Amino acid sequence: MEQEIVIKVKDPQGNLHTLDCPVDMGLSLKDICKAYELPMEAVCGGMCMCATCHCYLLSHTEALNEKSSEEKALLSELFNAKANSRLACQVPLTAELNGLCIEIVPD
Ligand code: FES
């Protein structure tokens with residue numbers, strides 16, 4: 001089993017970042033973006049309360065875990081939410097996500 005995956009993250013300025021992510025440490029997509037100091041606020045620290053970890057999935061839309069009702073409710077309040085929106089703090093990093101591409105949504 002792969003212990004490390006690579007994901008690509010487009011920041012709000014359009015720059016593409018390549019992130020090496022361990023999948024055996026219980027990290028979320030939000031955690032790894034913060035670890036790389038990307039411009040993702042994640043004000044609530046991953047409690048599914050702030051929606052400042054909003055991102056668009058540019059790939060792997062089927063491979064991710066289901067949204068919880070809390071995540072769905074929070075996304076439904078955002079004016080810029082799309083079908084491929086996720087809250088990064090609600091997405092655990094798993095081996096299946098190798099090659100995932102996301103875009104951080106600007107505020
Ligand atoms: S960090 Fe606040 S909802 Fe994800």
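Biologist: How many helices and strands does the chain have, and in what order do the elements run from the N terminus on?

Modeller: In this predicted model, the chain contains 2 helices and 5 strands. Read from the N terminus on, the elements run β-β-α-β-α-β-β.

Biologist: What is the radius of gyration of the chain, and what does the globule rule give for 107 residues?

Modeller: The C-alpha trace spans about 35 × 30 × 25 Å along its principal axes. For 107 residues the globule rule gives 13 Å, and the chain is close to that, so it is as compact as a globular protein of that length. The radius of gyration of the chain is 13 Å.

Biologist: What percentage of the residues of the chain count as buried?

Modeller: A residue is buried if 20 or more other C-beta atoms lie within 10 Å of its own. Of the 107 residues, the share that counts as buried is 27%.

Biologist: Of the contacts with a separation of 6 or more, what percentage do residues 24 or more positions apart account for?

Modeller: Contacts in the chain with a separation of 6 or more form the base of this value. Residues 24 or more positions apart account for 61%.

Biologist: In which order do the strands form the sheet, and which are the edge strands?

Modeller: The sheet is open, its pairing is mixed, and its 5 strands follow the order β2-β1-β5-β3-β4. An edge strand here pairs on one side only, and the edge strands are β2 (16-22) and β4 (85-87).

Biologist: What is the average twist from one strand to the next?

Modeller: The twist belongs to the open sheet of 5 strands with mixed pairing. From one strand to the next it averages 35°.

Biologist: Do β1 and β3 pair with β5 in the parallel or antiparallel sense?

Modeller: Strand β1 (residues 4-10) pairs with β5 over 3 bridges, and V9 has I102 of β5 as its bridge partner. On the β3 side, 3 bridges join that strand to β5, with Y56 opposite E103. The sense is parallel for β1 and antiparallel for β3.

Biologist: Which residues of β5 point to one face and are buried?

Modeller: In a regular strand, side chains alternate between the two faces of the sheet. Strand β5 (residues 101-104) shows the alternation: C101 and E103 point to one face and are not buried. Pointing to the other face, and buried, are I102 and I104.

Biologist: Where is L58 found, and which residues is L58 in contact with, leaving aside its neighbours within four places in sequence?

Modeller: L58 is found in the loop between β3 and α2. It counts as partly exposed because it has 14 C-beta neighbours inside 10 Å. L58 and L100 are 42 residues apart in sequence, yet 7.6 Å apart in space, C-alpha to C-alpha. With the neighbours within four places left aside, the contacts of L58 are C101, I102 and E103.

Biologist: What is phi of C48, and where is C48 found?

Modeller: C48 lies in the loop between α1 (29-35) and β3 (54-57). C48 has 16 other C-beta atoms within 10 Å, so it is partly exposed. Its phi is positive, in a residue other than glycine, with a value near 60°.

Biologist: Where is the place of H60, and what is its phi?

Modeller: H60 has its place in the loop between β3 and α2 (69-76). It counts as partly exposed because 17 C-beta neighbours lie inside 10 Å. Phi of H60 is positive although the residue is other than glycine, and the value is near 60°.

Terms used
Residues are numbered from 1 along each chain as its sequence is written. This is a predicted model: local features need pLDDT of at least 70, side-chain atom pairs count only at pLDDT 80 or more; totals for chains, interfaces and linings use all residues. A residue is buried if 20 or more other C-beta atoms lie within 10 Å of its own, exposed if 12 or fewer, and partly exposed in between; C-beta atoms are placed from the backbone. Two strands pair if DSSP finds at least two bridges between them. Axes are lines fitted to C-alpha atoms, for helices over the stretch in contact, and angles run from 0 to 180 degrees between N-to-C directions. Two residues are in contact if their C-beta atoms, placed from the backbone, lie within 7 Å. The radius of gyration is taken over C-alpha atoms; the globule rule is 2.2 Å times the number of residues to the power 0.38.
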